[in-house]
Amino acid sequence: MAGYFTNILSGTKSLLVGLSITQREFFKKPVTLQYPWESLEMTPRYRGHIQLVKDGETGTHKCISCGLCDKGCPSGCITVKGEKQEGVKVKVLVRYDLDFTKCSLCGQCIDNCKPGAIEFSKEYNLASTRKEDFYYDLLKRLKEQK
Amino acid sequence: MSSQTASQNKEHFEINLGPQHPATHGVLRVKLLMDGEYVVDAEPVLGYIHRMHELMGENRTWAKYLPNMGRLDYLSALSYNLGYVELVEKMAAIEVPERAEYIRVITTEMNRISSHLLWFGAFVLDLGGFTPLLYAFDDREHILDLLESVTGSRLTYCYFRFGGCSNDVEDEFLTGCLTFIKRLRSRMPMYHNLVTKNVILMQRLEGVGPVSAEMCRKYGATGPVLRGSGINYDVRKNEPYSVYPEFDFDVPVYNECDSMARYMVRMDEMDQCMRIIEQAIAKIPEGPVMAAKVPKMIKPAAGDYYHAVEAARGTFAIRAVSEGKNQAYRMKLRSPTFSNLSLFQEASKGMLLADALAFMGSIDLVIPEIDR
Amino acid sequence: MDLGINVVEMLIYLVGIIAFAAGNAAYLVWVERKGAAHIQRRTGPKEVGPYGLLQPLADGAKLMSKQLIIPDGVDKPLFMVAPLIAMVPAIMIFVTIPFSDSIIARDINLGLLMIFAFASVNVLALLLGGWASRNKYAVISAARAVSQNVAYEIPMLIIAITIVMVSGSMNLKEIVDFQAGGFWNWNFLPTNGNFLGPITFVLFFICFMAETNRAPFDLGEAESELIAGFHTEYGSMGFGLFFMGEYANIVIGAALTVILFLGGWYCPFGLTDGIWWFLIKMYLLIWTVVLIRWTYPRVTLWSLLNLSWKILIPFSLFNLLASAGLIKILG
């Protein structure tokens, strides 16, 4: 019988403690970010989709079209096409396509890239109703960056 | 058979819990045969998000299989990454630098805390309390921010590489971890006052969902479910891997075998994770984070390999058979929640519907990992 | 001529009551959402109007403009009538509630009895709604709601009888008048002569939450078990009426608690009595109810019934006997 009353008392106390916690939290400031109105700066290591690095000296990409990123991609979402051109020693990049719908952002293409020609972009506001919007032509993207 | 004879009873009826149901946290379907509010039989129906991860492992090179690991248990992806890279390092005899091992331990333990925090919130949500979920998410957000600053992603990490980690960590990350630990330590009493000591929660968990040690052995349950049943087994202690032997930490074990015991194991585990991280940050050496010599194309010697790690939900193990090629001949993933779910059918017999759902929450299911 | 004035007065009261019930239902949802958000360190509705104050209107417009879907195989008449049964008694009850000395639609001698009579109709709505939906979750929920209401009506009535005995009337106005003066005269304090006052108050408050199916007693709509319970199959205004009925019941419960225990429209210090005191007390109680919802996990059916039969009923019976004895001894 004594247990009956102590149970009721300790139970009531635990309930009151809970109430005091939530009431205290009520007066604190919200911690959420009002997303469409404010947004966060991405950290330097944030992994967005890949893009070609712009070389500061030459003003163009550093890709030697070796195709290691293509071969090492687990999802097969990169297509690199290089051409032999007159007067140039290495193959010249003519197309660099990324199918972002398949990409899992593992970063193995960047690890594989010897000249450091690709990097992660910082874009995260990506939304579309059309699949085609995520087929990126990275060469075109690089040109538009100017 | 038993379910067939039971369904002949006209008083019984069947309800489908899932594949879309608020309490299953994913696309799991449980066929419940009910007698009023009592569960007569519960049959988990799997396969709604089966993605053939094991077969994928047999069709891709060792390196290409790496991103799959983050998609098994999306809540503690780093433990799975760790399990896989350690297996391949074992197979190909790759030496991992000391600093990389420490970084792996720190990030994995942070990930374990975040996984337990999310479980804590979701579990209380299953029981009808909404607010602790948001508090837990507030804390978890700090972990995700920290991990994002290192790994670049927030959920499905792919950070470890064969022979190390994909990049080094800065001192800001380490101090950030310490600040977070301080914060979580100061919030833990709040969680315990708000949730653990709450009389309603205690009534719902104590004595509910008994899982005996015998039953755990029968179904191969591991992790907090096993430790809540009084068996002291933790891969980090029993088959140590990485640099875990260098740390001083306890394995929380409770003998009550009920939902409360499983709950307490996870809550205590968060404290132990924080201890490990603190020791690791104090001891972390300088040096490279990538092994000097990693073969470009990994072709392990033919043989049968096995490696197990302690993930947030139990023992995650991989058995890989190599024929000396650049792909596995056989890849078997042993996922902890698959075994833990298996005991649901036997243990939930005769439970109330509400208790069965509390019990299901206490074994902490992550459905993509069950289906693989 | 007298009759004419009476009719006009009645119409004014009718419109006022419906507006009060509907407005409260709409804005209590806002309070609930905003309160929950701030308890959880979020901001809650903020886009529609300043501080999201127009959100209830937007929600209402959305609910009303939605198509009324009647699923195949439901018991159509019952399915349609259940939301009405949820709403109508709630509005009826407001008729006897004295908001102040002069603001009361109908001063009935058996006001308290009438409130309890109509309050028990509410459970019928849940039962019919759940039963007619032809949905297993809804039926389980309806069965739960009924057993819960039956279990909690008993202690609630016993406590109400205690108060009736103490104040010697079933007329709500007289019950309030009995507590006139200052807060030391209120029924929930032992200074009123009844040393069991606080316990009675807490018991009644618990019963009121259980009767209105509020968390942590919201077994009927336990979303992690039964999706949305008895209103799983309802959409559009059918759902809207259930919702409004629920909030109207909360207002009624809080108002009744204020009348029975907290001295109605009387100021705690015996000054400036009036409807504002009634509303302040009522909304404070409602805030407590909101806070409780966002703090505790849900109880199970068994512990709910245990609480009623093992704790509330013995306590309220003891309370009744002790109060009767006290009245006898003290005259």
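Author: Welcome! Let us start with a term: a contact means heavy atoms within 4.5 Å. Keep in mind that this is a predicted model.

Reader: Thanks! With that in hand, what share of the contacts in chain C between residues at least 6 apart in sequence joins residues at least 24 apart?

Author: In chain C that share is 75%. For chain A, residues 24 or more positions apart account for 68% of the contacts with a separation of 6 or more.

Reader: What secondary structure should I look for in chain C?

Author: You will find 12 helices and zero strands there. The radius of gyration of chain C is 20 Å, close to the 20 Å that the globule rule gives for 331 residues, so chain C is as compact as a globular protein of that length. Its C-alpha trace spans about 65 × 55 × 45 Å along the principal axes.

Reader: And chain A, which order do its elements follow?

Author: Starting at the N terminus, chain A runs α-β-α-β-β-α-β-β-α, which comes to four helices and five strands. Its radius of gyration is 27 Å, whereas a compact globule of 146 residues would have one near 15 Å. The C-alpha trace of chain A spans about 100 × 35 × 30 Å along its principal axes.

Reader: How much of each chain is buried?

Author: In chain A, buried residues make up 34% of the 146 residues. In chain C, 54% of the 331 residues count as buried. As for the surface, chain A exposes about 9,200 Å², with 57% supplied by carbon and sulfur atoms. The accessible surface of chain C is about 13,800 Å², and 74% of that belongs to carbon and sulfur atoms.

Reader: Could we zoom in on one helix? How many residues of helix 5 of chain C are buried?

Author: Eight of the 11 residues in helix 5 (residues 122–132) are buried, so to speak of this helix as mostly covered rests on the cut-off of under 20% relative accessible area. Among the buried ones are C:V123, C:L126 and C:L128. The cover includes helix 3 (76–94), helix 6 (136–167) and helix 10 (236–261) of chain C. Just after helix 5, C:R134 takes a positive phi of about 55°.

Reader: Finally, how is the size of an interface often given?

Author: It is often given as the accessible area lost when the parts come together. Between chain B and chain C, the buried area is about 2,400 Å², and carbon and sulfur atoms give 61% of it. In chain B, B:E37, B:T131 and B:I200 lose the most area to chain C, together 19% of what that side buries. Counted by contacts, 32 residues of chain B touch 24 residues of chain C.

Methods
Residues numbered from 1 in each chain as written. Chains lettered and ligands numbered in written order. Predicted model: local features only at pLDDT ≥ 70, side-chain atom pairs only at ≥ 80, totals over all residues. Heavy atoms only, no water. Helix = DSSP H or I, 4+ residues; strand = E, 2+ residues; numbered from the N terminus. Rg over C-alpha atoms; globule rule 2.2 N^0.38 Å. Buried < 20%, exposed > 50% of the residue type's maximum accessible area, 1.4 Å probe, protein only. Areas by Shrake-Rupley, 256 points an atom, 1.4 Å probe, with all protein chains shown as cover. Buried area = accessible area lost by both parts, 1.4 Å probe.
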